[in-house]
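Please look through the model shown here; a few questions about its strands and loops follow, each with a reasoned reply.

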Amino acid sequence: MILHTVNSSPLSTFALHDCLKQIADNDILLLINDAVIATSATIEQKATLLKLHESKRLFVLQDDLEARGLMANVGQIIDYPAFVDLTIQCKSQLAW
């Protein structure tokens with residue numbers, strides 16, 4: 001199981017798009033920094049994010065949402081201790 005972390009906005013890079021093409025059925029996605037915009041913006045990957053949300057494999061860092069004044073429509077909101085727990089739970093991490 002891989003923890004994929006995406007940190008750039010889906011409105012300015014293809015990082016989220018590329019990540020979602022590579023993510024496996026048991027991998028986890030964590031949106032951090034400007035990538036949290038994906039939880040509230042209208043983007044082409046919205047359906048894929050919703051599927052990850054429904055399978056409880058999509059996480060969003062709370063501090064980054066708050067820093068941007070956003071509310072997430074999908075994903076489980078987590079804090080930094082939960083982020084650490086995810087890194088421990090997964091065999092490896094891949095940053096996008």
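Two strands are said to pair if DSSP finds at least two bridges between them.

Q: In this predicted model, which residue of β2 is the bridge partner of V6?
A: Strand β1 covers residues 2-6 and strand β2 covers residues 28-31, and the two run in the parallel sense over 4 bridges. V6 belongs to β1 by that range, and its bridge partner in β2 is L31.

Q: Which strands are the edge strands of the sheet?
A: The sheet is open and built from 5 strands with parallel pairing, arranged in the order β4-β3-β2-β1-β5. A strand at the edge pairs on one side only, and this applies to β4 (76-78) and β5 (92-95).

Q: By how many degrees are neighbouring strands of this sheet turned against each other on average?
A: The strands concerned are those of the open sheet ordered β4-β3-β2-β1-β5. With direction ignored, the average turn between neighbours in this sheet is 25 degrees.

Q: Is N33 buried, partly exposed or exposed?
A: N33 is found in the loop between β2 and α2 (46-54), and its phi is near 50 degrees, a positive value in a residue other than glycine. Because its relative accessibility is 32%, and partly exposed lies between the limits of 20% and 50%, N33 counts as partly exposed.

Q: Is K56 buried or exposed?
A: K56 lies in the loop between α2 and β3 (58-61), and although K56 is not a glycine, its phi is positive at about 60 degrees. Its relative accessible area is 65%, and since the class above 50% is the exposed one, K56 is exposed.

Note on methods:
Residues numbered from 1 in each chain as written. Predicted model: local features only at pLDDT ≥ 70, side-chain atom pairs only at ≥ 80, totals over all residues. Heavy atoms only, no water. Axes fitted to C-alpha atoms, helices over the stretch in contact; angles between N-to-C directions. Buried < 20%, exposed > 50% of the residue type's maximum accessible area, 1.4 Å probe, protein only.
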